[in-house]
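The following paragraphs lead through one protein model, from its overall make-up to selected details of its backbone. Please keep the sequence and the structure in view while reading.

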Amino acid sequence: MHAGVGRQRERAKYAVACALVSRRTSLLAPRHDAPPLVCIAKLSPQNYNHPRDSIGFLGPSRSIACFRPGSPNPIIFHVRESFVRVDHPQAELEIIVSVPFDENTLIARLADRHDCLVVDPGLEPEKILDFLEPRQLEPAAILNTHGHSDHIAGNAALKERWPDAPLVIGHGDEEKLTDPRKNLSAAFGLSLVSPPADQLLREGEPFAAAGFELTVREIPGHSAGHIVLIWEAHPPAVVFGGDVLFAGSIGRTDFPDGSLEALTSGIHTKLFTLPDDTLVLPGHGPVTTIGREKATNPFVGAPAGYEL
């Protein structure tokens, strides 16, 4: 267990973020166009019996009750299990869920290797360290799909522990790493920053680390410099997707550099062209597939007019 200055700082930021979220936030909105919510109480742990499917499921949860202004009916947000394993025949894929935004940190490694990829380290970096260290896993790269604070908050703790692991992000979101206003942490009264990037990625570039050969796709709309990383070496393909495409939803587009048109176009032209069995590991919520979202997603799939 490492308890250096950087890690203590991350714990403090996490505690402040939880306190703020318990009072008021719009980042917990379940839809990209939903109005702000007022969160008035954290509920005690309870079981949330979401139907289990073949890919992902929601399990025992901690919950937050939120009310829309003028509405007497609460909306309950359920924080999923802290660790979720995703089945794949050639790779070991783990999701570490951090509160308060139910953000997914993705750990990917190939069998018989002790290096791995860490994608989007969130607001509870101690969970990531506690997962990696007992297994003697070492990040070959720390990857950020975009620069919003809930996806970069753990960068500092991981770089402190593994300083030689390169920090990698799309070129369009580089400034968000070190600017609390642009990474949205300033809106919560925080000044959350990350170490600067060691490498910047662009559309179509290959990126290789820990035995993975990934393809970079730029899909703006949620964040101007958002990238997704696609691994196609062994079927089914895997998309490390960040906040672009969710199970039954899409990323919010009401941020300063957001664009619903750009996000929709990017999903249609750069993700929906992948095989239907492609696994999508999103930045929030359960795992899904390209085929499922093409057929059922109400924002970008067939229900929204997409032609199968």
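A residue is called buried here when its relative accessible area is under 20%. With that cut-off, the buried residues of helix α2 are Pro125, Glu126, Lys127, Ile128, Leu129, Phe131 and Leu132. These are seven of the eight residues of the helix, which spans residues 125-132, so α2 is largely enclosed by the rest of the structure. Beside this helix, Arg135 lies over the face of Phe131, at 3.9 Å from the ring centre.

The model as a whole is a predicted one. Its protein chain contains six helices and 18 strands. Of the 308 residues in the chain, 54% are buried. The accessible surface of the chain comes to about 12,900 Å², and carbon and sulfur atoms account for 52% of that area. When contacts between residues at least 6 apart in sequence are considered, 58% of them join residues at least 24 apart.

The interior may be described next. In soluble globular proteins, nonpolar side chains tend to be buried together. In this model the largest nonpolar core has 29 residues, and the members that touch the most others are Leu117, Leu143, Phe212, Leu214 and Phe240. Strand β5, residues 91-98, gives the most to this core, with four residues. Another core, of 23 residues, lies apart from the largest one; Phe131, Leu132, Ile169 and Leu192 are among its members. Phe131 and Leu132 also belong to the buried residues of α2.

What does Leu117 touch, once residues up to four places away in sequence are set aside? Its contacts are Leu106, Ile107, Ala108, Ala141, Leu143, Ala209, Ala210, Phe212 and Leu214.

Aromatic pairs form a further set of contacts, and the structure holds four of them. A pair of aromatic rings is described by the distance of the centres and the angle of the planes. Phe212 and Trp231 are arranged edge-to-face, with 5.0 Å from centre to centre and 65° between the planes. Phe212 belongs to strand β12 (residues 212-218) and Trp231 to strand β13 (residues 227-231), so this pair ties together parts that are 19 residues apart in sequence. Both Phe212 and Trp231 are buried. Phe272 and Tyr306 also form an edge-to-face pair, with a centre-to-centre distance of 5.0 Å and an angle of 70° between the planes. Because Phe272 lies in the loop between α5 (260-271) and β17, and Tyr306 in the segment after α6 (290-296), the pair ties together parts that are 34 residues apart in sequence. Phe272 has a relative accessible area of 3% and is therefore buried.

Strand β17 shows how side chains are distributed about a strand. In a regular strand the side chains alternate between the two faces of the sheet. In β17, residues 279-282, Leu279 and Leu281 point one way, whereas Val280 and Pro282 point the other way; all are buried. Strand β14, residues 238-242, runs parallel to β17 and is joined to β17 by four bridges. One bridge links Gly242 with Pro282 of β17. Strand β18, residues 288-289, pairs with β17 in the antiparallel sense over two bridges, and Val280 has Thr288 of β18 as its bridge partner. β17 and β18 form a hairpin with five residues between them, and Gly285 in the turn has a positive phi of about 80°.

Several loops have notable backbone geometry. Most residues other than glycine have a negative phi, and most peptide bonds are trans. In the loop between β5 and β6 (103-110), where Pro100 is placed, the peptide bond from Val99 to Pro100 is cis, with omega near 10°. Asp102 is found in the loop between β5 and β6 as well, and its phi is near 55°, a positive value in a residue other than glycine. With a relative accessible area of 15%, Asp102 is buried. The peptide bond from Pro235 to Pro236 is also cis, with omega near -5°, and Pro236 lies in the loop between β13 and β14. Ala210, in the loop between β11 (206-209) and β12, is not a glycine, yet has a positive phi of about 55°. Ala210 is buried, its relative accessible area being 6%, and is one of the residues touched by Leu117.

Conventions
Residues are numbered from 1 along each chain as its sequence is written. Side-chain values use heavy atoms; hydrogens and water are left out. Buried means under 20% relative accessible area, exposed over 50%, partly exposed in between (1.4 Å probe, protein chains only). A nonpolar core is a set of buried Ala, Val, Leu, Ile, Met, Phe, Trp, Tyr and Cys residues joined through side-chain atoms within 4.5 Å. Contact means heavy atoms within 4.5 Å. Two strands pair if DSSP finds at least two bridges between them. Accessible areas come from the Shrake-Rupley method with a 1.4 Å probe; for residues, only the protein chains shown count as cover. Rings of Phe, Tyr and Trp (its six-membered ring) pair if their centres lie within 6.5 Å; planes under 30 degrees apart count as stacked, over 60 as edge-to-face and the rest as tilted. A charge sits over a ring if NZ of Lys or CZ of Arg is within 6 Å of the ring centre and within 35 degrees of the ring normal.
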